[in-house]
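Please look at the sequence and the structure below, and keep both at hand while reading. The paragraphs that follow go from single residues to helices, cores and chains.

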Amino acid sequence: MIWEVFRQDKPGAYHKHCGNVHAPDRELALQFAAVQHGRRMKTHSLWVVPHDEIGEIDADETSFGGTTDKTYRWATSYTDIEPAAPEVAESEAEQADVEKSLEADS
Amino acid sequence: MDLETVKERAGPRQFAPKDDMPEEYRKAATRMIQFHANSEVMGGYLEKPFIRQAPSIDRKLAFSAKVQDEIGHAQLLYRAAESLGVKTRDEMLDELARGDGKFLNCFHYPMESWHEVPMIAFFVDGAAMHRQATLKNTSWTPYAHAMDKVCFEEGFHVKHGESILSELMNGSKATQEKTQAAFETWWPRIIQFFGPTNDKSVHNDFAQEVGLKTKSNDELRDTFLDTYVPKAEKYGLVVPEYPRIEYDGELDTYHVNEDDLNWDEFWTIAKNASEGSHEQINSRAQAQEAVEWVRESMHDWEGASGAGTPQAAD
């Protein structure tokens with residue numbers, strides 16, 4: 001049985017997928033994950049999840065975010081408006097990063 | 001974990017569902033996050049009619065995206081609240097539908113004209129974002145994670161709201177006057193968004209002690225005013241004389257004279273006991289009823305065919 005492993009490097013961080021292990025049950029999956037994925041990288045917590053329990057949908061099957069122009073829902077589109085506050089500017093910067101990665105892929 | 005340990009360890013993203021948290025913490029966090037989730041739903045319902053009433057296709061599209069975002073935020077927040085193990089998502093949704101669930105003061109008032117829209121879409125959303133940015137550092141990790149995504153999306157809401165305000169305040173004299181009138185109506189409510197002043201707040205101290213909140217009501221209100229008073233003035237809005245807003249030169253910040261605000265109204269609203277409260281809560285019930293036929297036809301369709309690939313909701 002295969003278990004997918006998610007590692008969190010410090011408290012409060014996101015658990016990110018980092019690999020998988022073979023194990024007959026959850027208890028051993030946790031032990032193997034700790035040894036294989038938790039001992040060199042900085043680790044605070046690990047999750048193990050049975051591989052078969054994971055659902056997947058990918059870009060071949062669907063068009064994520066739709067197929068129409070949705071520039072109206074980006075802060076970056078409102079170019080005549082300066083961000084009102086630091087938190088608005090921060091959100092806009094995050095969106096600009098994502099937009100850049102989307103453009104790079106297209 | 002006992003309460004003393006919680007207070008010692010309290011800090012950004014310090015506690016997770018795996019931690020054995022004391023009941024006081026779990027209840028306080030549930031109350032706070034459920035309130036936040038309810039407010040996202042009720043804010044969405046308040047703005048929903050303006051998808052139809054928007055004056056241009058751009059505004060219509062942006063509004064529909066925004067309302068969709070708000071309902072999505074509610075979903076994230078109910079999940080974060082549920083992770084405390086006090087109430088299930090269904091229980092919280094039932095409480096809201098019954099009129100027992102509490103939500104933000106501003107969403108208890110009807111919003112009828114387009115001139116009022118930026119009062120919510122710019123000022124209230126700006127206030128919400130100002131508060132939410134500090135909640136990225138809440139001690140309950142699932143709540144902080146929800147805030148990451150919420151804040152990512154909100155930048156568009158606030159800029160879109162400001163764009164509407166800019167348009168109205170560059171419109172005809174009549175439009176500007178109507179917008180000013182809306183501002184005067186909404187301004188005290190917007191200030192009360194941040195809740196009672198520290199000395200009158202019921203839950204403030206505990207929430208700060210255990211790291212659920214990182215800033216007090218007063219700090220948030222003052223720094224909000226520092227940014228948004230100049231913004232209002234920039235667009236030619238005149239800040240009403242009351243409540244008195246005083247500039248503190250020494251601390252370089254604005255304070256509000258809290259005695260000038262109507263706290264009876266605030267506490268009536270806080271109990272869902274105002275006329276507007278019932279109207280807003282019922283608008284949700286009415287919307288549910290009005291689209292019952294959509295659910296029914298989808299149910300029939302799903303039952304009849306083998307239900308094909310689900311389409312993206314947007």
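A useful place to begin is B:Asp252, which counts as exposed because 8 other C-beta atoms lie within 10 Å of its own, where a residue is called exposed if that number is 12 or fewer. This is a predicted model, and what is said here about B:Asp252 and the other residues is computed from it. B:Asp252 sits in the loop between β1 and β2 of chain B, and its phi is near 50°, a positive value in a residue other than glycine.

A positive phi is also found at B:Arg13, where the angle is about 50° although this residue is not a glycine. B:Arg13 belongs to the loop between α1 (3-9) and α2 of chain B. Is B:Arg13 buried or exposed? B:Arg13 counts as buried, because it has 20 C-beta neighbours inside 10 Å, and 20 or more is what the term buried requires.

From B:Arg13 the reader can step across to B:Ala144, which has its place in helix α7 of chain B. Although 131 residues separate B:Ala144 and B:Arg13 in sequence, their C-alpha atoms are 6.6 Å apart in space. B:Ala144 counts as buried as well, since it has 20 C-beta neighbours inside 10 Å. When neighbours within four places in sequence are left aside, the contacts of B:Ala144 are A:Gly12 in chain A together with B:Pro12, B:Arg13, B:Lys136, B:Asn137 and B:Thr138 in chain B.

The contact with A:Gly12 leads to the question of how the two chains meet. How many residues of chain A are in contact with chain B? There are 20 of them, and they are in contact with 31 residues of chain B. Sorted by class, the side of chain A that touches chain B is made up of eleven nonpolar, five polar and four charged residues. Chain A itself is divided into domain 1, residues 1-51, and domain 2, residues 75-102, and the C-alpha centres of these two domains of chain A lie 35 Å apart.

The next topic is the nonpolar interior. The largest nonpolar core has 71 residues, and B:Leu77 and B:Val124 are those with the most contacts inside it. Several elements of chain B give two or more residues to this core, including α4 (57-82), α7 (141-169) and β2 (253-256), while α6(B) gives the most, with twelve residues. Beyond its neighbours within four places in sequence, B:Val124 is in contact with B:Cys106, B:Met119, B:Ile190 and B:Phe193. Apart from this core lies another one, of six residues, among them A:Trp3, A:Val21, A:Ala29 and A:Val48.

Helix α12 of chain B, residues 275-290, shows how a helix can be checked and then read side by side with its surroundings. At 1.5 Å a residue, its 16 residues should span 22 Å, and because its end C-alpha atoms are 22 Å apart, the expected and the computed span agree. In this helix B:Ser277, B:Gln280 and B:Ile281 are buried. These three cover an arc of only 95° around the axis, and therefore they lie on the same side of α12(B). On the other side of α12(B), B:Glu275, B:Asn282, B:Gln286, B:Glu289 and B:Ala290 are exposed. What covers the buried residues includes α2 (23-47) and α11 (263-270) of chain B.

One last detail concerns the backbone at B:Pro243, in the loop between α10 and β1 (245-248) of chain B. The peptide bond that leads from B:Tyr242 to B:Pro243 is cis, with omega near -10°.

Methods
Residues numbered from 1 in each chain as written. Chains lettered and ligands numbered in written order. Predicted model: local features only at pLDDT ≥ 70, side-chain atom pairs only at ≥ 80, totals over all residues. Helix = DSSP H or I, 4+ residues; strand = E, 2+ residues; numbered from the N terminus. Expected span 1.5 Å × (residues − 1). Arc of directions from axis to C-beta. Contact = placed C-beta atoms within 7 Å. Domains from an automatic or database assignment. Nonpolar A, V, L, I, M, F, W, Y, C, P; charged D, E, K, R; others polar. Core = buried A, V, L, I, M, F, W, Y, C linked by C-beta atoms within 7 Å.
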